[in-house]
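Here's a quick briefing for anyone opening this structure for the first time. Have a look at the picture, then read on.

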Amino acid sequence: MSINNGQIIILYGDTDIISMADSTITVDDIEDELFKIERIRDILVRRESELRYMMDDIQLCKEITRLKKDLQKLVSIPDKDKSNEDKQKEEELLQQIHKLVETRDFLVDDVEFERLREREEDKEMADFLQAKLSKASSKKTNAIKERKMTSRAQQTSAPFVAKTGLTLLKECCGFTCSIM
């Protein structure tokens, strides 16, 4: 393996394989960035799901409101003045409203289930990040000890210290992240 103009060249048999990675980037850096991207994707998928639930809820509420207005018009007619068609329409409206209310109840149950699932995922992620933070912290401590032991000339090119899990989270989703 050699480094040429910032590219990593890996010699494999007679063939040179040139990595696209910059020589200053480490495998840990790449893994950290991939982790941040995956976390952002998860946050966006959650938000999309929340927005879809909200849209469904708004549509159901609008439809229920419309049907209730129609029903109110029919209910305001005295029973003796209602035709059989009015009575049938009233019954149909009640059934439609009941069906929509049940659908909305299922939607609310789904939202609650998603929230509980996301809370569990957040807990698992927090545990993972805590473990990663502890590991990164010990690496940082070791790097600082190594840096103190190096000569003055070697200190000018200080080794790269991987970012901690907490820093990754702050860069990932800011202070609005539910884990923080």
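Let's start with one residue: at 38% relative accessibility, Q96 counts as partly exposed (buried means under 20% relative accessible area, exposed over 50%, and partly exposed in between, with a 1.4 Å probe and protein chains only). Q96 sits in helix α2; helices (H or I, at least four residues) and strands (E, at least two) are DSSP runs, numbered from the N terminus. From C-alpha to C-alpha, Q96 and K68 are 9.8 Å apart in space, although 28 residues apart in sequence.

Before going further, note that this is a predicted model: local features need pLDDT of at least 70, side-chain atom pairs count only at pLDDT 80 or more, and totals for chains, interfaces and linings use all residues. Residues are numbered from 1 along each chain as its sequence is written, and side-chain values use heavy atoms, with hydrogens and water left out.

**The chain as a whole**

- The protein chain has four helices and three strands, and from the N terminus on its elements run β-β-β-α-α-α-α.
- Of its 180 residues, 20% count as buried.
- The protein chain exposes about 13,900 Å², with carbon and sulfur atoms supplying 55% of that area; accessible areas come from the Shrake-Rupley method with a 1.4 Å probe, and for residues only the protein chains shown count as cover.
- Take the contacts (heavy atoms within 4.5 Å) in the protein chain with a separation of 6 or more: residues 24 or more positions apart account for 55% of them.

**Helix α1**

- Helix α1 covers residues 27-75, which is 49 residues.
- From its first C-alpha to its last, α1 reaches 71 Å, close to the 72 Å expected at 1.5 Å a residue (the expected span is 1.5 Å times one less than the number of residues).
- The buried residues of α1 include charged-letter names such as D29, D32, K36, R39 and R46, along with F35, L60, I64, L67, L71 and L74.
- Y53 has its place in α1 too, and its C-alpha is separated by 7.2 Å from that of V111, 58 residues apart along the chain.
- Leaving aside neighbours within four places in sequence, Y53 is in contact with L107, D110, V111 and E114.

**The nonpolar core**

- The largest nonpolar core has nine residues: L60, I64, L67, L71, L74, L93, I97, L100 and L107. Such a core is a set of buried Ala, Val, Leu, Ile, Met, Phe, Trp, Tyr and Cys residues joined through side-chain atoms within 4.5 Å.
- Two elements, α1 and α2 (84-149), give two or more residues to this core, and α1 gives the most, with five.
- One member of the core is L74, which is in contact with K82, D86, K89, E90 and L93 once its neighbours within four places in sequence are left aside.

**A nonpolar patch on the surface**

- I25, I30, L34 and I37 make a nonpolar surface patch of about 340 Å². Patches are made of residues with over 30% relative accessible area and no salt bridge, where like charges are joined within 9 Å and nonpolar side chains (Val, Leu, Ile, Met, Phe, Trp, Tyr) within 5 Å.
- I37 lies in helix α1 and is partly exposed, with a relative accessible area of 48%.

**Salt bridges**

- Side chains of opposite charge can pair when their charged atoms come close.
- A search of the whole structure finds 14 salt bridges, each being a side-chain nitrogen of Lys or Arg within 4 Å of a carboxyl oxygen of Asp or Glu.
- R52 and E48 meet in one of them at 2.8 Å, N to O; both lie in α1, four residues apart, about one turn of the helix. R52 counts as exposed at 54% relative accessibility, while E48 is partly exposed at 39%.
- R66 and D70 meet in another at 3.2 Å, N to O, and they too are four residues apart in α1, separated by about one helical turn. R66 is partly exposed at 40%, and D70 is partly exposed at 25%.
- D79 and K82 form a salt bridge at 3.3 Å, N to O; D79 is exposed at 58%, whereas K82 counts as buried at 11%.
- Salt bridges that share partners join R39, R46, E114, R117, E121 and D122 into one network.
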